[in-house]
There are 2 protein chains.
Amino acid sequence: MAYSKNDKVLKEAASRLKSLGIRPLSHRVAVYGHLMHVNNHPSVEEIYSELKQSIPTLSKTTVYNVLDHLCEHHAVRKIVIEGREARYDAMTHDHIHFKCNTCNLIYDIEQPKVPQLNLPAGYEVTTTQVYIEGLCPHCAKHMH
Amino acid sequence: MAYSKNDKVLKEAASRLKSLGIRPLSHRVAVYGHLMHVNNHPSVEEIYSELKQSIPTLSKTTVYNVLDHLCEHHAVRKIVIEGREARYDAMTHDHIHFKCNTCNLIYDIEQPKVPQLNLPAGYEVTTTQVYIEGLCPHCAKHMH
DNA sequence: ATATTTGCAAATAATTTGCAGTCGA
DNA sequence: TCGACTGCAAATTATTTGCAAATAT
């Protein structure tokens, strides 16, 4: 999971950051590239200990700083549905989050799409998040 | 906001707890009654300092214990969309949460209803939460 | 040159835990 | 009586802050 400097992922990450108007500093590129690359929803701790291996000087404060910055500029999304620690998601597109109450994994659901809801007059919607809890197919199967 | 022992709210709370199979101990009734009564989404701290006035022996640990218990038995819902502190909601019915990014208030939206989503085969849904961010009518008006 | 970013250590804040005493059936 | 509940104090955990050094343009 350690990337070489020339990794495609990092180049792609840098270029996306640029197009979002975010200066592609090395730590930002590393964090953002990591989020783009993994499919789970890592916590600060997970991001930190993963990247620490390839960037030994990295501090956790910097991970917090970078994530805050990326959040403010809408490059990543913070999801804090439950539990104590925030999780982060490279916001490539809207999708539903599903948490299995048995295995505790969080799944990304691409279909159906996050619905467009008609709020009462006057409300202006920026983002819509849908969070579903239940039983995932794998755990449901094991119930029998 | 301090209730007398014979308050309707407390009787109603006790009876709802019973029907949910939860023993209506006094602290539970107090916390649950409070959540049913207020329309905002109080944090542990807010619940604690509010109830402390009428129940001077109350400890914050107990508020945590009671809320955990009520959550497990689906009498209340924990919402931790962002920020560090969890907020709690008496789960009388499903509704959408809307957070205004300007005034930071969280609104309950009753209409439209939380949609029923058809997940891929095998997923079993227990609860669906919808969280929308944007601009509330009041703040939108002040933008001009 | 100047504003931004980094990273350590310390501070803060929310929550959890250990445990002894109390309460309810 | 027995298991569930309470509440204090201490521990833990995630996050924030202060500040000095390093970096980017």
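To compare copies of a chain, they are superposed by least squares on the C-alpha atoms of residues with pLDDT of at least 70 in both. Two copies of a chain are related by a rotation about an axis and a shift along it. Here, chain B can be laid on chain A with an RMSD of 0.2 Å, using a turn of 179° and a shift of 0.0 Å along the axis. That is the relation of a two-fold axis.

A quick word on the ground rules. This is a predicted model, in which local features need pLDDT of at least 70 and side-chain atom pairs count only at pLDDT 80 or more, while totals for chains, interfaces and linings use all residues. Residues are numbered from 1 along each chain as its sequence is written, chains are lettered from A and ligands numbered from 1 in the order in which they are written, and side-chain values use heavy atoms, with hydrogens and water left out.

**One chain**

Let's start with chain A, which has five helices and five strands. Helices (H or I, at least four residues) and strands (E, at least two) are DSSP runs, numbered from the N terminus. Walk along the sequence and you meet the pattern α-α-α-α-β-β-β-β-β-α. The C-alpha atoms fit a box of roughly 45 × 45 × 30 Å along the principal axes.

Of the 144 residues in chain A, 44% are buried (buried means under 20% relative accessible area, exposed over 50%, partly exposed in between, with a 1.4 Å probe and protein chains only). Contact means heavy atoms within 4.5 Å. Among the contacts in chain A with a separation of 6 or more, 49% link residues 24 or more positions apart.

**Where the chains meet**

So how many residues of chain B are in contact with chain A? There are 36 of them, touching 36 residues of chain A. Every bit of chain B's set matches up: 100% of its interface residues are also interface residues in chain A, so the copies meet through the same surface.

The size of an interface is often given as the accessible area lost when the parts come together. For chain B and chain A, about 2800 Å² is buried between them, 62% of it on carbon and sulfur atoms (buried area is the accessible area, with a 1.4 Å probe, that two parts lose on being put together, summed over both). In chain B, the residues that lose the most area to chain A are B:Leu117, B:Tyr123 and B:Glu124, together 18% of what that side buries.

**Some spots to look at**

Find A:Asn101 in the loop between strand S3 (96–100) and strand S4 (106–109) of chain A. Is A:Asn101 buried or partly exposed? At 38% relative accessibility, A:Asn101 counts as partly exposed. Leaving aside neighbours within four places in sequence, A:Asn101 is in contact with A:Glu133, A:Gly134 and B:Thr126.

Next come the histidines. Phi of A:His74 is near 60°, a positive value in a residue other than glycine, and phi of B:His74 is also near 60°. A:His74 counts as exposed at 55% relative accessibility, and B:His74 is exposed with a relative accessible area of 51%. Here is where they sit:

| Residue | Loop between | Phi |
|---|---|---|
| A:His74 | helix H4 (60–72) and strand S1 (76–79) of chain A | near 60° |
| B:His74 | helix H4 (60–72) and strand S1 (76–79) of chain B | near 60° |

Finally, check the cis peptide bonds. One joins A:Gln111 and A:Pro112, with omega about 0°. In chain B, the peptide bond from B:Gln111 to B:Pro112 is cis, with omega near 0°. B:Pro112 is in the loop between strand S4 (106–109) and strand S5 (124–135) of chain B.
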